[in-house]
Each structure stands twice: as structure tokens, then as C-alpha cells.
Amino acid sequence: MATFLYQVGRLAFRRRWYVALVWAAVLAAVGLGALKAPGASDEEFSMPGIESQKAFDLMEQRFPGASADGATARVVFVAPSGEKVTATENRQAVEKAVADLGDGAQVASAADPFRAKAVSKDGTTAYATVTYKVAANDLTGASKDQLERAIHTAQGSGLTVEAGGSAMDGGGGPGGAAEVIGVAIAAVVLLVTFGSLAAAGLPLLTALIGVGVSMATILTLSAALGLSTTTGTLAMMLGLAVGIDYALFVVSRYREERGKGRAPQEAAALAVGTAGSAVVFAGLTVVIALAGLAVVGIPMLTKMGLAAAGAVVVAVLVALTLVPAFLGFWPNAVLRRRARRSGRIEDEGTRDNGGSRWARFVLRRPLPVLLLGVVGLGALAVPMTDLQLGMPGDEAKPTSTTERRAYDALAKGFGPGFNGPLTVVVDAKGTAKGDAKGTAKGDAKGTARGDAKGDAKGDTGPKGAVDTVVKEIGGTEGVVSVSPARFNEAGDTAVFQVVPSTAPTDGRTKDLVTTIRGERPGVEAETGATFEVTGTTALNIDVSDKVQAALIPYLVVVVGLAIVLLLVVFRSLFVPLKAALGFLLSVLASLGVVVLVFQQGHGAELLGVEQTGPIMSLMPIFLVGIIFGLAMDYEVFLVSRMREAYVHGERPGQAITSGFRHSARVVVAAALIMIAVFAGFVGESDSMVKMIGFGLASAVLFDAFVVRMAIVPAVLALLGDRAWWLPKWLDRLLPKVDVEGEALGRRPESGLGSGPESDPEPAGTTGLEVART
């Protein structure tokens, strides 16, 4: 591996113009393809195999043209204190607002609350439901402006008017601001780390080129592969993250080799052969984690994972080829300013620095450091035992938003469960056949028994079966009201809504859904009809249950494959196990602090979280997938340098110190960049975005600074030589890969110096004198 990558790096350095032109051509080709490709689809969220999805699919099949995926807006009218919306002036204002709301090219209907009986019992609150012909993402600016004008006009009459629903969604997310902030912070961190604008700018430039290629490719293939507009979100975030990290490690190793007296070309080749090997295996662990998202069984999540895995592959290729090519253009620009001015390059690899001093501190006190790290993360993980998954809605938004105020007004006027009604779909197709068959049989026989049988079947026909279902569910404890059933044209399927007495995210609402579904066997036996429960509340419950069930298999697949990969890389039994256990500890601790803040509310006000509730269903999966990849990056880069030193003859303690001397600074820089990028999302107003940013930033903090920087060296120090032990039978089975560059170490030292016989300097160099060590 190392020898092959050495040749790749050497060739990229020598043929830098060809490499640069190839990448420029690739970027231009995929960019042109992205411009000409059809727009990305707005893929619906689907979850095969759950009841809510089956019910939704049945509704689309039996109610064709119903535009079930059309955007909706629920406009809430609240009368002034002491008045009612049914008063003449207030009613006229509401009716005028409804007429204005229905006046739009994309509007399918606007329901008058007085005709639809959408007025609270005390008469203080009413709501109008506006249904659109298109999905929320397809609403034009004119349609949104028309909605806002109608609301503002109604507010001028003295009514309090607020609005919620999918039509109010502004497109979500930070809109690129967090990425810009992250890049700016990354530039500062890199500048401090390297002390050179060129060294800081090179990882940023190559990472942006890689992200450009990845995103353009995703846009080009979006129509052909059915990728949605959200598919590229994870790819952009991780492509930028690992792109900076991978280039950072190659550039850092290049500077180290120059400090040892290597000529530019030889230093670039060795950097790709050694650090590049770690990049390859680190990238593979990230790809495994992202591709493993397919285990969850959510098509959208699978596509996001595969797209992000593709972005990581591009980042690896950029680090192995484009980075050494750019080093060929500016071989001395990435060095420190002092070295460029003095003409001499100092070897920083043998000097003490913060990393080596910290390593010696841990070596002197490995057990206390280990216990403190494990106990500390374990304590932070304790709240995770109270984890409740769900999908926070408008109730989690700040009170400054109209969606949150509309939610509160509806809960006050109609009850907390009104914001999360359940939709019940009754399939009575079997009863229609039974009714016809029973009646015909009764008429043919003409017997009392036949008549009775036919009458019984007639009573349990479609309408009778639906009435039975409505009555059974309406009498369930926890149900406030049941709407009249609406039949399809064939008369064999009906839909009605059930309003619970508790809020959508209340645990009692989940119990109610379970209870209603438990009544199905009895109803089916009595009527021959069956029903399924769906709606946003039921869908969130089903998604949470499926994600929880998939979490353990996902961890087993991802961690298991990564352990095998790390066995091959480190030729050690304990290092991969320690890496996996440390990762699990950091993930559990980060989930614990997320529960502590966003579910239990401790310190929530410091982050601007106004309403606590369940943790987003996909949060654990996202956290595991993303952090596992980044954690293994840090593990590979840090421990591979220790393994390299050990293979080259250093004692275990010396190898730990050497690994930290060479890698600690760049690992810390990489972690700080990731923390800054993720923490930028905490400033967003959306509670879910805050949660994701906070969780990811916490996980990187715990994994990089507690697990990798403290627990890992402490464990290796306690194990000593046993840390690198591998059973002989297993050593024979595993393929041999040279990640440490052992084969390169046996090469003759022909690369020292910068004379023409060893490595002709490319145009543009300043002819610096290279100090031998």
C-alpha cells in the first residue's frame, strides 16, 4: 500500500500540470452536467414496512387525485379579549380573510371555519385550512406573498391571526451560512497550526474543489437516480470536513519530511505513501459508516449515506493526487515564513511540543487518566437511559415564530391533541363483496336462515363496517372526538380523523395509538373490515420505533466491519477493540448531554431552546454515522504514527510520545475545525438544527479530546507491548498492508538534498537550502 501510494504521490508531483488539468476537466464536465440536468425532485419521506406508510399508500391508491402530498396552511383566528369570533364584525373579517386565502393559482381550497365547524366551543378561536395543489417546496413566491398579505389584512381588523402548516416552511436549515462560518474558522485554525497562508489555504482549496466535484455529480445524477434536494446536504458537510482533514495530514507530513532534509518531490511522495495510507483507511471507515445507513431501511437516508460516501471517496482521491500536485507548483510556500526567509528548514519532528509533553504526562499517570476519562464520559451518558425519540414540530419552535403561536392558540382553544390528530383509513373492500354474496345467497335459498344471514352481511357492509370502526375508536379512552368518515368514489374505503386528549409528543399519545391498533383484530373479526392508523403523529411514532430497532443492527454492522479493517491496518487485537469501545463511549456521552439539554431542559435557555421535548428520531443514527467516521479518522491518524514508530524499533512508551509529537497538533486542529463547523448550527433558530449541531459538536469534543487524546494513550501505556499483539493464526489470515511505510524505510536515502541528481526543483522554487538531520 505505502509503496504504491509513494509512486502515486511522486507521479502527481512530477506530472502536476496533467493532474491539475484532469481535475479541472472533471470539475468542468460535472459542472456542465449539473447545469443541464433536470432539477432535483422533492422526494417524499417514506418508510417501507411501517403501518403509517401502508395507510398513506392505501389512501393514494383509493383516493386518486386527492393531492395528499399538497402543502397546507392552517390559519388561526383568535378574537380580542372578551369577544368571540362569531360576532358579526369578527365573522366578516374571518370570511374576507378566507376569500383572500383562496384567491391564488396554486390554491386548491380554503375551508370556511364557520361552515366546516372549525370554531372552538367557547367561540374565541377558529381556524381555516388552506390546501394547495403542489408540495411545499414547489410553492411560488407569489403564493407565499398572497398568504402573508391575507394574514396581515386580517390582523388589521383587530383579530390575532397566526399560521402554521407545511406551507409556512421557509426551506429549512442554515442556508449555507454555517458552512461559510465553518470555512472561515477553519482558515484561522489552519493558519495558527501551520504559520503559513499557503499551508492553511491549500487544504481549504483542495477541499472546496472536492466538494464542488461531489455536489455537481450529485446534481447531475439526481434525476436519473431519484435523488432529492436534501440528498447532498450530508455530502457537502462531510465532504468539506474530511476534505480539509485529509489534505491537512498530507501537507503536515510533507512539511515534516522537508524538515528531515528531503527534497520537495521525495517529501511529497513520502507524505502520500505514509499519511496517504492512513487517509485511505480512514476514508474506508467513513464510507463503511455512511453506506451502513442502508441498514436502517429509510430510502432517503440510504441515498444520503451513499451520496456522502461518494463525497468522501472524492476527498480521498483529491488528497492523494491534487494535493501533491499543488505542492509541486509551490513546494516551499507551505513552509513556515521563518524557513522561507532564512533559507533553512528545521526538523520539528524531534523537538518537544505540547503533544509530546501531554503524552509523557499520561504515561506517568495512565490509570488515573483512564479512570477519570471513563467515569466522566460515563456520568455524561447516564441521561441517555431516559432517551425518548420523536419528531419535534411547531411546539419546539421559538415563541417569536407565527407557527409556534398558532400551535399554542389551537392547543388553548381546541385542546392539546388537536395539533396532532390521527388519521384512520378503513379498508372495507372485503365487506362489500361479503354483502353482495350474502344477500344473493339469502334470496336464492329463500329461507329464514338465508335471510338472516343476508341481513347480517348487509349490516356489516362498507358503511356499517365503517360505522362500527368509528364507534369502537370513538369510545377509546383518551379520544376527544372523531370526525365524520369520508368515503372514496367506489365506496369501499373511508378516512376519518381522531383527536387525542394529549399533545402529539406526549407519551400517552403513543399509548393511545398502540391501544387503537390493538382493537383491530376484534373489529376485523366482527365486520370483515380492517383499518390502519397514520397521520403525522402516528408516522413519527412509527419512525421512532423503527429507528430504535435499527440502531443496534447498524452499530453491529458498522463497528464490526471497522474492527476488521483496523485489524488489518494495525495488526493488533486490542487497538481496534479499544477504538470501537472508545467511540461508543463518546457517542453515548454526547447523546446523554443532548437528552440533558433538549429533553430535560438543563441549560436549555443558554442555547435559546424555549421548549423541550423528545429527541429527533434520526438523531442517534446521524450521530453514530457521522461521528464514527470522524472518530476513526482521528484514531487512524494518531495511532498509525505510534504504530509506525513501534515498527521502526521504538519502545511502546516512546512510540506513544512520538505519535503525539507528530500527530497531536494536526488532530487537535482537525477536531477544532469540526467543532467550530458543527457549533455554528447551534445559533440557528430551528430547534432540530440546534440539536444536530450541539450533538455533533459535543461528540467530536468528547471523542477527540477525551477518548483519543487521553483514554487511548492511557490504555496503550497500560498494555505496553501487548497493545500490538496479534495471534499468529490471525496474522496469517489477514492480508498484509504496509500502512506505516516500512517498505519505504528500506529504500536508499537518495531523496535527501535538493540537488539536480536527486530531485530537480520545479519552476517557481526559491532554492532553499535543506538542512539534513
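How many of the 773 residues of this chain count as buried, given as a percentage? The figure is 54%, and I should say at the outset that what we are looking at is a predicted model, so please hear everything that follows as a description of that prediction. The chain has 26 helices and eleven strands, and among the contacts between residues with a separation of 6 or more, 80% are accounted for by residues 24 or more positions apart.

Let me turn to the sheet. Four strands form an open sheet in the order β2-β3-β1-β4, with antiparallel pairing. Within that order β2 and β4 stand at the edges, and because each has a single partner strand, one side of each is left without a neighbour in the sheet. From one strand to the next, the twist averages 20°.

Taking the pairings one at a time, β2, which covers residues 107-110, is joined to β3 by three bridges in the antiparallel sense, and here V107 stands opposite Y132 of β3. Strand β1, residues 72-78, runs antiparallel to β3 and is joined to it by seven bridges, one of the pairs being V78 with its bridge partner T125 in β3. On its other pairing, β1 meets β4 in the antiparallel sense over five bridges, and there the bridge partner of V75 is A163 in β4. As general background, the strands of a sheet pair through backbone hydrogen bonds, either parallel or antiparallel.

Is strand β3 largely enclosed by the rest of the structure or largely open? Six of the eight residues of β3, which spans residues 125-132, are buried, so the strand is largely enclosed by the rest of the structure.

Which helix packs on this sheet, touching β1, β3 and β4? That is α14, and the direction of α14 makes about 110° with that of β4. Helix α14 runs over residues 402-414, so to speak 13 residues in length, and reaches 18 Å from its first C-alpha to its last, which is close to the 18 Å expected at 1.5 Å a residue. Its buried residues are T402, E403, R404, A406, Y407, A409, L410 and G413, and what covers them includes β1, β3 and β4, the last of these being residues 160-164. Just after the helix, G415 takes a positive phi of about 105°.

I would like to finish with two single residues, beginning with V30, whose place is in helix α2, residues 16-36. Why does V30 count as buried? Its relative accessible area is 17%, and the cut-off for buried is under 20%. Leaving out residues up to four places away in sequence, V30 touches V213, A216, T217 and T220. With A216, V30 is 186 residues apart in sequence, while their C-alpha atoms are 5.4 Å apart in space.

The second residue is D245, which lies in helix α8, residues 231-259. Which side chain of opposite charge is nearest to D245, and how far away is it? It is R708, at 12 Å, and D245 is buried yet has no salt bridge; the cut-off for a salt bridge is within 4 Å. When neighbours within four places in sequence are set aside, the residues in contact with D245 are D633, Y634, A670 and M674.

Technical notes
Residues numbered from 1 in each chain as written. Predicted model: local features only at pLDDT ≥ 70, side-chain atom pairs only at ≥ 80, totals over all residues. Heavy atoms only, no water. Buried < 20%, exposed > 50% of the residue type's maximum accessible area, 1.4 Å probe, protein only. Contact = heavy atoms within 4.5 Å. Pairing = 2+ DSSP bridges. Expected span 1.5 Å × (residues − 1). Lys, Arg positive; Asp, Glu negative; His and termini not counted. Axes fitted to C-alpha atoms, helices over the stretch in contact; angles between N-to-C directions.
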